[in-house]
Protein chains: 2
Amino acid sequence: MAGIEDVAKLAGVSTATVSRALAGKDHVSERARQKVEAAAAELGYVASHSAYTLATGRNRNIGVIMPYVDRWFFATMLETMESTLIEHGYDLTLYNLSGGKMQRDKIFKDFLGRKRVDALLSVAVNPSADELDTLNRLQRPVLGIGGPIQGARSLAMNDFSAGKLATEHLISLGHRKIANLGGYTGSDLEFNQANFRTLGHLDALKEAGITQNPAWKMECDYTIPGAFFRTKQLLGDPRNAPTAVFCNSDEMAIGVIMAVKDLGLQVPQDVSVIGIDNHDLSEFFGLSTVNQRVREQAKTATMWLLEILDDADPDVRVNRHESVEWPVSLLVRSSTARPATEA
Amino acid sequence: MAGIEDVAKLAGVSTATVSRALAGKDHVSERARQKVEAAAAELGYVASHSAYTLATGRNRNIGVIMPYVDRWFFATMLETMESTLIEHGYDLTLYNLSGGKMQRDKIFKDFLGRKRVDALLSVAVNPSADELDTLNRLQRPVLGIGGPIQGARSLAMNDFSAGKLATEHLISLGHRKIANLGGYTGSDLEFNQANFRTLGHLDALKEAGITQNPAWKMECDYTIPGAFFRTKQLLGDPRNAPTAVFCNSDEMAIGVIMAVKDLGLQVPQDVSVIGIDNHDLSEFFGLSTVNQRVREQAKTATMWLLEILDDADPDVRVNRHESVEWPVSLLVRSSTARPATEA
DNA sequence: AATCTTTTATAAAGCGCTTACATAAATTTC
DNA sequence: GAAATTTATGTAAGCGCTTTATAAAAGATT
């Protein structure tokens, strides 16, 4: 494979000139630049990335760390981040935490320390104290998205407010009997940022003076089947059924809609359903939701990180806690309406 | 940040010993190894990856190139590949082609040439002649999965056989009126390997002596909503409706099931439905399908690539065309049954 | 024509590791 | 116990680029 010396020889200049010409820098005559470009093209030369990195200290590579990749929210985030990064000349190295504790440890201990990435995009991960320490030791910008990261910047929607917004919509329609499908509250590492949406929900109920039936606050695994079976359970006894369900995610809301239909009931006539996310399938299901514009969010975060990286001022690149709240909005479709009992 | 010299100084040995000790190589005394390990731990030292790469020529990094990431098949492949790679000490760099033609060109022209990856896992991509050329010039192992790659190894199921298998199942149940939801056949770059499943379907019909109503061979975009609306169309006229639908993917099959229910009909009593994939949601929908065990497939391919990379014989690492067929099997659940008209 | 600027090109010094080769220490063999 | 062998350690030469200091060429100024 051709190296910089081959190009220099063919173009009849020094390697320094080749380097400058190809990097688009000053102090290269037009004539030399053309010769170099022609030679590089002829040899199919592309500068070795590791040599570039070793010489400059720059990787042009961003690490993305997320707890799953085969879920809509994460896959969508990832796809948008990748496109944005490629467009700006950056590679994306994926670190996926779904492989269990040992793998998670390996990623934090061995991989992140290798100085292979210029910065880190951390999507909805909840690092432990040790992991936080590793992150800080990296001395590289870290940007949290989909949830805050201690001691680092973050861009995330306010899960509490989003949950409150959704529930307030239901209340404003006249619903008083409102169920919630939320998340597990297991170990710290498993803690899901989205669980805060339930807190917002509860706050909205409290402000409206509504006392909730404890059976209507259900834990669920954020999947369609999970929500489906929970709903069957929830609506099993018609005398004690809610008139509306707020789900912490659209995927669960879709499961709820399916279950309602399966029971021979109708959405929104018999049960109103609202979720959070604006999932790609939500429009199809006519689901009312809180739109968190995942793609724009991912793009904005990625661009922000790139700006931080480009900043000449090293002080700016030092991490500081600087949370930016990503605005969300209610998106009313056809899955929510006034409760029938009110009519 | 600590470098190898710092560790050497602290441990009271030379950098060569540090390198050998940390790489777990021979010719290091137990005493020295322990001193080095202690020093490395104290300083939080991890070898710089670019220096390692420059010195050894190895990246310990695999490129994964795929047309989408926010679809179940691809996201699942990706997640499994990542876990498998991390487990074996490799990073994963993602190249996603969904960003359009310009981005695709950029990836092939600029990124792949950077010698940043040791090998490439190409998931269901159909490279053009030029792109194939780039791939070959890389002089790195390439393994196709989810579809063959010219001049390279591949591990993939036989889409033709899978389509045939699914349709034969329907025929063996007594169905003669069978529709198919398949893919677009647009430009070469957009060509979807999964479209071959339709060819297998047609072959099965032909062998059974069935002449298909041309209106029952429908193009569809491999999504749930797409299949939903196609099905409404297909079953709109009951006098001219098929008794079974074979879908090139489970996602479409799910859309079909929803549409059938929405029309007040039942699966499988009124319409049998079968797909291909064994999507995570297929069990929930009771969908009969051709199981292609995506996770095992991804893991097998990744391990194979790693073995090729580990092989001392450089001849083995040279690419050759060596297609391995991934076996699939029929998985009958409750969405297929004998046609009612036969009873 | 001689001097001073400005522009363009080069030589060479790293970047932080690995590893072949050289050397020293420990072990075995006669 | 000396020679031969094995094992441990160190020295230094790369790996393939970028970039700083330096020199050469070209232009501008007297």
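**Protein–DNA contacts and symmetry in a predicted model**

A phosphate oxygen of DNA strand D lies 2.4 Å from an N or O atom in the side chain of A:Ser19. The model in which this contact occurs is predicted. A:Ser19 is one of the closest of the 23 residues that surround DNA strand D, a group that also includes A:Ile4, A:Lys25, B:Ser14 and B:Ser29. Of the atoms of DNA strand D that come within 4 Å of the protein, 68% belong to sugar and phosphate. Two further polar contacts involve other parts of the strand. A polar side-chain atom of A:Tyr45 is placed 3.0 Å from a sugar or linking oxygen of DNA strand D, and a backbone N or O atom of B:Ala55 is placed 3.4 Å from a base oxygen of DNA strand D.

Both protein chains contribute to the surface near DNA strand D: α2 and α4 of chain A and α2 and α4 of chain B each provide at least two residues. The largest share, 4 residues, is supplied by α4(A). By class, this surface near DNA strand D comprises 13 nonpolar, 8 polar and 2 charged residues.

DNA strand C is likewise surrounded by 23 residues, of which A:Ser14, A:Arg20, B:Ile4, B:Ser19 and B:Lys25 come nearest. Sugar and phosphate make up 65% of the atoms of DNA strand C that come within 4 Å of the protein. Three of these nearest residues can be described at the level of atom pairs. The side chain of B:Ser19 has an N or O atom 2.4 Å from a phosphate oxygen of DNA strand C. For A:Ser14, a backbone N or O atom is 2.7 Å from a phosphate oxygen of DNA strand C, and for B:Ile4 a backbone N or O atom is 2.8 Å from a phosphate oxygen of that strand.

The surface near DNA strand C draws at least two residues from each of α2 (15–22) and α4 (49–56) of chain A and α2 (15–22) and α4 (49–56) of chain B. Here the largest share, 4 residues, comes from α4(B). The residues of the surface near DNA strand C comprise 13 nonpolar, 8 polar and 2 charged.

The relation between the protein chains was examined by superposition. A turn of 180° with a shift of 0.0 Å along the axis lays chain B on chain A with an RMSD of 0.1 Å. The two copies are thus related as by a two-fold rotation axis. Of the interface residues of chain B, 100% are also interface residues in chain A, so the copies meet through the same surface.

In chain B, helix α6 (residues 101–111) contains the buried residues B:Gln103, B:Arg104, B:Ile107, B:Phe108 and B:Phe111. Viewed down the axis of α6(B), these buried residues fall within an arc of 130°, so they line one face of the helix. B:Lys101, B:Met102 and B:Lys109 are exposed on the other side of α6(B). The cover over the buried residues of α6(B) is drawn from both chains, and includes α5 (72–87) and β2 (91–96) of chain A as well as β1 (61–66), β2 (91–96) and α7 (129–137) of chain B.

A further site in chain A is the loop between β10 (288–291) and α12 (294–310), where A:Arg293 is found. A:Arg293 has a relative accessibility of 27% and therefore counts as partly exposed. Beyond its neighbours within four places in sequence, A:Arg293 contacts A:Asp277, A:Trp326 and A:Pro327. The C-alpha atoms of A:Arg293 and A:Val328 are 7.7 Å apart, although the two residues are separated by 35 residues along the chain.

Definitions and conventions
Residues numbered from 1 in each chain as written. Chains lettered and ligands numbered in written order. Predicted model: local features only at pLDDT ≥ 70, side-chain atom pairs only at ≥ 80, totals over all residues. Heavy atoms only, no water. Buried < 20%, exposed > 50% of the residue type's maximum accessible area, 1.4 Å probe, protein only. Arc of directions from axis to C-beta. Contact = heavy atoms within 4.5 Å. Near = heavy atom within 4 Å. Polar contact = N/O pair within 3.5 Å; in protein donor to acceptor, adjacent residues only side chain to side chain. Nonpolar A, V, L, I, M, F, W, Y, C, P; charged D, E, K, R; others polar. Least-squares fit on C-alpha atoms with pLDDT ≥ 70 in both.
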